[in-house]
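This report introduces one structure to a reader who has not met it before. Please keep the sequence and the model in view while reading, so that each part can be located as it is named.

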Amino acid sequence: MCGIIGYTGYSQARDILIKGLKALEYRGYDSAGIAVYNPNYKEVLVTKCSGRVENLDTKTKEVRGVAGIGHTRWATHGEVSDANSHPHKFGDVTLVHNGIIENYAAIANQIGVAGKLKSQTDSEVVAALIDKYYNGSNPKEAIIEAVKDITGTYALGIMFDDKPNTIYAVRNVSPIVCCSNEDGTYIASDIQAIGEYSKKYFVLPEFSVAEINAERINVVDFHGNKIEPKILTLDWDIKNNGKCQYPFYMEKEIMEQPLVIGKTIESRIKDNLPTFVYDAVNDNIFTDCDNITVIACGTAMHAGLIGKHLIEKFCQVPVTVNMASEYMYAQPIINKKTLVICVSQSGETIDTLEALKYAKSKGAMTLSIVNVRGSAIAGESDNVIYTNAGPEIAVASTKAYTTQVAVFYLITAAMAYLRNAMNKAQAAKFIEQLRKIPDAVDDVLKRRKDIHRLSKGLLTAEHTFMIGRGIDYPTLLEASLKLKEISYIHSEAFASGELKHGTIALITDSTPVIALLTQEHLVRKQMSNIREVQSRGARTITFVRKSLINEDIKCDFALPDISDDFMPIPSVTAMQLLAYYVSSDKGLDVDKPRNLAKVVTVE
């Protein structure tokens with residue numbers, strides 16, 4: 001959950017490192033630091049501090065040198081402090097680390113450095129281990145021997161005092177991307193930090209070592225064999241990555257949804273039918289499976305719940321949705337007739353990645369829905385569908401979620417058609433309805449001022465409940481998560497019929513209850529549940545599909561009128577805006593909520 005940046009070339013490294021770290025702030029962090037080779041002192045000098053990158057920027061104004069590494073840390077081993085910040089230096093070795101070293105304590109004792117370390121981190125132990133193996137002649141051999149002793153995950157950017165202006169990199173699971181231009185070479189944990197320097201980049205292969213200087217990147221495997229990494233092309237414009245006219249990235253990303261949802265859908269339609277031919281997805285995975293398992297975390301799991309509803313209804317294939325963090329430990333039933341669908345915005349979510357590897361080891365067919373090309377989950381999967389959402393900077397996911405849901409609609413249509421659960425006309429009608437979603441989302445966005453007014457009723461709330469039925473329930477799970485993570489209001493979503501089984505005891509005078517009503521066949525039952533909470537003093541805020549509004553239904557915000565099964569995306573867009581306005585009106589940092597990270601790379 002950390003950020004890594006590295007540069008060696010012909011410009012001042014300090015400026016490039018600080019800029020890169022600012023681009024990585026969205027990943028979540030509590031401290032930052034840089035290490036730059038100083039030609040006057042003939043060694044790598046470290047500057048680091050707890051707090052924001054702005055603090056580091058101030059502290060490093062006078063740092064000079066053309067090669068260096070930088071890091072933003074999210075604490076795992078040891079408290080938040082200057083000493084525990086990265087980079088770490090031991091002897092001649094300076095490094096930055098992303099990941100978890102599980103056997104660091106045993107290594108520290110084994111090599112006799114337990115009493116010599118300056119920090120409480122697992123990362124400093126790796127620096128000491130590499131230093132132990134380094135004899136001054138071959139850094140790559142020292143790195144390879146050291147990581148063979150390591151149990152855990154790691155992405156390492158490494159510098160040696162006696163190898164001026166050279167950076168080394170190695171990884172296992174945690175990502176490192178590399179690129180170069182006429183001004184030098186760059187490494188990072190995320191293309192977001194270095195994409196402006198080149199459209200061409202590669203993901204460093206696992207268990208290989210890169211030696212990086214100003215003019216080239218040489219990659220070898222652990223046996224010394226040269227590797228030619230696969231070159232990828234950045235498919236979005238890094239220059240459009242700013243906030244534009246918006247105060248927060250989250251609002252910008254909410255407003256981008258009609259465009260990116262449309263792009264995700266339209267690129268996979270041919271002759272009014274779904275196709276994954278351009279994704280090189282094998283149709284057999286949709287016809288040969290007897291059951292489907294969706295593995296994901298948080299927001300991505302909520303997208304999977306929408307997928308479950310759609311696939312079971314239209315394809316008559318049983319679907320289970322699993323929390324990735326629990327999957328391997330629950331003795332899941334899986335075989336060669338199981339299609340495992342993994343969902344992750346970053347493609348680096350460690351719990352999902354490990355669950356994917358486990359499922360593959362049991363013989364399952366695998367398909368992943370991710371947003372980042374070249375990511376670990378994409379590389380591990382048999383089949384990949386990219387969401388075309390573009391970079392998502394705000395920690396709270398919006399457009400990544402809605403494009404994941406859009407992909408599940410496409411999967412549903414393709415699977416139903418291929419399995420003869422839909423004929424050609426029915427599949428084309430399904431696609432016709434799907435194509436209405438971007439305009440429906442745009443309709444919600446055009447009336448966002450109405451949602452802003454409604455949000456003011458939640459500003460002083462300590463607790464909020466959300467109720468819905470059918471496919472509205474998983475939509476509200478996502479809505480509730482958004483409200484919790486960026487406004488810090490305790491919020492819980494419930495299937496409305498479950499209220500009377502205990503939860504209704506929590507309803508008191510003026511408790512805000514958000515009710516979603518978009519499913520025509522469930523109108524009467526949902527209205528009964530709304531009246532139940534109102535009779536106990538709840539203050540309801542209702543979001544109702546236009547065609548369902550009548551004199552008996554109080555509607556605070558009318559949702560656009562499209563078919564029942566296609567309502568989750570416009571509905572959740574309204575809820576995203578509700579959470580956004582509560583957070584921004586409370587004066588909170590919408591994009592970087594406390595204690596959260598965008599990319600979760602530790603279990």
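## Sheets, loops and helix contacts

Strand β5 and strand β6 (residues 93-101) pair in the antiparallel sense over 3 bridges, where pairing requires that DSSP finds at least two bridges between two strands. The model is predicted, so that local features need pLDDT of at least 70 and side-chain atom pairs count only at pLDDT 80 or more, while totals for chains, interfaces and linings use all residues. Residues are numbered from 1 along each chain as its sequence is written, and side-chain values use heavy atoms, with hydrogens and water left out. Strands and helices are DSSP runs numbered from the N terminus, a strand being E over at least two residues and a helix H or I over at least four.

Within this pairing, F90 stands opposite V93 in β6. The two strands belong to an open sheet of 6 strands with antiparallel pairing, whose order is β5-β6-β7-β8-β12-β13. Its edges are formed by β5 (88-90) and β13 (217-221), each of which has a single partner strand, so one side of each is left without a neighbour in the sheet. On average, and with direction ignored, neighbouring strands of this sheet are turned by 25° against each other; such angles are taken between N-to-C directions on a scale from 0 to 180 degrees, using axes that are lines fitted to C-alpha atoms, for helices over the stretch in contact. In the loop between β4 (67-73) and β5 lies P87, which is joined to H86 by a cis peptide bond with an omega of about 0°.

A second open sheet contains 8 strands in the order β3-β2-β4-β1-β10-β9-β11-β14, again with antiparallel pairing. Here β3 (43-50) and β14 (231-233) stand at the edges with a single partner strand each, so one side of each is left without a neighbour in the sheet. The average turn between neighbouring strands of this sheet, direction ignored, is 20°. The pairings at the two edges can be followed residue by residue: A35 has V46 in β3 as its bridge partner, and Y201 stands opposite L232 in β14. In addition, β2 and β3 form a hairpin with 4 residues between them, and K42 in the turn has a positive phi of about 55°.

The table sets these two pairings beside a parallel one.

| Strand pair | Bridges | Direction |
|---|---|---|
| β2 (residues 31-38) and β3 | 8 bridges | antiparallel |
| β11 (residues 200-203) and β14 | 3 bridges | antiparallel |
| β22 (residues 463-468) and β23 (residues 490-495) | 6 bridges | parallel |

In the parallel pair, I467 stands opposite F494 in β23. The chain passes from β22 through helix α17 (residues 472-487) to β23 in a right-handed β-α-β crossover, a hand assigned when, with the strands pointing away from the viewer, the path from the first strand over the helix to the second runs clockwise.

How do the helices meet? The axes of helix α4 (residues 122-133) and helix α5 (residues 139-148) come within 8 Å and cross at roughly 125°. These helices, α4 and α5, are therefore oblique to each other, given that angles under 35 degrees count as roughly parallel, over 145 as roughly antiparallel, 65 to 115 as roughly perpendicular and the rest as oblique. L129, I130 and Y133 in α4 are in contact with A142, I143, E145 and A146 in α5, contact meaning heavy atoms within 4.5 Å. By class, the contact of α4 with α5 has 6 nonpolar, no polar and 1 charged residues, where Ala, Val, Leu, Ile, Met, Phe, Trp, Tyr, Cys and Pro count as nonpolar, Asp, Glu, Lys and Arg as charged, and the others, Gly among them, as polar.

Helix α13 (residues 399-418) and helix α14 (residues 424-434) have axes that come within 10 Å and cross at roughly 175°. That makes α13 roughly antiparallel to α14. On the α13 side the contact involves Y409, L410, T412, A413 and Y417, which meet K424, A427, F430, I431 and L434 in α14. By class, the contact of α13 with α14 has 8 nonpolar, 1 polar and 1 charged residues.

Helix α16 (residues 448-455) packs with helix α19 (residues 568-585) at an angle of about 55°, their axes being 9 Å apart. The pair α16 and α19 is therefore oblique.
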